[in-house]
Amino acid sequence: MRFVLIDRIVELKQGQSLVAVKNLSLAEEYLADHFPGFPVMPGVLMLEALTQAGAWLIRDLEDFAHSVVLLKQAKTIKYGSFVEPGRQLQLRVELISHGERESTFKGSGVIDGQDMVKGRFTLTRYNLRERDPELHATDASIVAGLRDLYATLRKGSVGARAMIKFGTPPVVAAVAPGADA
């Protein structure tokens with residue numbers, strides 16, 4: 001199963017930082033098992049959400065140069081409290097260093113000002129064709145799908161864009177910088 005653990009990218013400072021949100025819904029399959037009668041987002045998925053946020057920052061910075069971005073290392077990861085259904089986890093990642101194959105981040109997942117997860121992590125990236133030249137088309141297909149998903153994550157809601165278009169300020173800024181209004 002594949003989990004997309006980011007619902008919206010709300011702020012992006014290219015090559016510097018990214019803020020995204022994850023809305024936890026009771027409909028998410030993994031909550032049936034974690035824990036029965038007391039559903040909460042598993043800590044490993046909170047870390048995965050931070051990883052995904054960092055990956056989007058790298059993809060944007062490098063114009064989707066790599067089809068694969070993976071967690072290589074997690075350091076000093078600390079968890080605050082449980083994230084229950086109905087809550088929105090705000091994911092904040094800051095790029096600390098950016099090398100040819102690895103990037104290091106400082107990140108946190110926050111609800112109402114309280115850190116639910118925080119720490120440092122390193123992502124590595126590559127293309128499948130580097131390991132097998134016949135996978136060039138697979139890389140292209142993966143990148144095309146990622147570009148489509150990224151456009152969805154960045155565009156903001158239809159309702160918020162309509163309110164901006166007709167001069168009614170939205171309660172929350174939902175149109176990301178660079179997105180068409």
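Tutor: Two strands pair if DSSP finds at least two bridges between them. Helices (H or I, at least four residues) and strands (E, at least two) are DSSP runs, numbered from the N terminus. The model is a predicted one, in which local features need pLDDT of at least 70, side-chain atom pairs count only at pLDDT 80 or more, and totals for chains, interfaces and linings use all residues. Residues are numbered from 1 along each chain as its sequence is written, and side-chain values rest on heavy atoms, with hydrogens and water left out.

Student: How do you know that S4 and strand S5 are joined by bridges, and in which sense do they run?

Tutor: Eight bridges join S4 to S5 (residues 102–111). The count meets the minimum in the definition, so the two strands pair. They run antiparallel, and they form a hairpin with three residues between them. Within this pairing, Arg 92 has Ser 108 in S5 as its bridge partner.

Student: What makes S2 and S4 a pair?

Tutor: Seven bridges link S2 and S4, again in the antiparallel sense. This number also satisfies the definition, so S2 and S4 count as paired. One of the facing positions is Asn 23, which stands opposite Gln 88 in S4.

Student: How many aromatic pairs are there by the rule?

Tutor: The rule says that rings of Phe, Tyr and Trp (its six-membered ring) pair if their centres lie within 6.5 Å; planes under 30 degrees apart count as stacked, over 60 as edge-to-face and the rest as tilted. By this rule there are six aromatic pairs. One of them joins Phe 3 and Tyr 30, with 5.4 Å centre to centre and 80° between the planes. The distance passes the test for a pair and the angle passes the test for edge-to-face, so the name is justified.

Student: Why does this pair tie together parts that are apart in sequence?

Tutor: Phe 3 belongs to the segment before strand S1 (8–13), whereas Tyr 30 belongs to the loop between strand S2 (17–23) and helix H1 (43–61), so the parts joined are 27 residues apart in sequence.

Student: Why is Phe 3 called partly exposed, and why does Tyr 30 count as buried?

Tutor: Buried means under 20% relative accessible area, exposed over 50%, and partly exposed in between (1.4 Å probe, protein chains only). Phe 3 has 30% and is therefore partly exposed. Tyr 30, at 9%, is therefore buried.

Student: Why is the pair of Phe 38 and Phe 82 called edge-to-face?

Tutor: The ring centres of Phe 38 and Phe 82 are 5.1 Å apart and the planes stand at 85°, so the pair is edge-to-face. Phe 38 lies in the loop between S2 and H1 and Phe 82 in the loop between strand S3 (68–79) and strand S4 (88–98), so this pair links parts 44 residues apart in sequence. Phe 38 is partly exposed at 41%, and Phe 82 is partly exposed at 43%.

Student: How do you know that the charged end of Arg 59 sits over the ring of Trp 56?

Tutor: A charge sits over a ring if NZ of Lys or CZ of Arg is within 6 Å of the ring centre and within 35 degrees of the ring normal. The charged end of Arg 59 is 4.7 Å from the centre of the Trp 56 ring, over which it sits. Likewise, Arg 131 lies over the face of Tyr 126, at 3.8 Å from the ring centre. Trp 56 also forms one aromatic cluster with Phe 64 and Tyr 150.

Student: Why is Asp 112 called exposed?

Tutor: Asp 112 has a relative accessible area of 72%, and this value is above the limit, so the residue is exposed. It is found in the loop between S5 and strand S6 (114–126). Although Asp 112 is not a glycine, its phi is positive, about 50°. Asp 63, in the loop between H1 and S3, also has a positive phi of about 50° without being a glycine.

Student: Where is Ala 151 found, and why does it count as partly exposed?

Tutor: Ala 151 is found in helix H2. Its relative accessibility is 43%, which falls between the two limits, so it counts as partly exposed. The C-alpha atoms of Ala 151 and Ile 9 are separated by 9.7 Å, although these residues are 142 residues apart along the chain.

Student: Which residues are joined by a cis peptide bond?

Tutor: The cis bond joins His 34 and Phe 35, with omega at about -15°. Phe 35 is found in the loop between S2 and H1.
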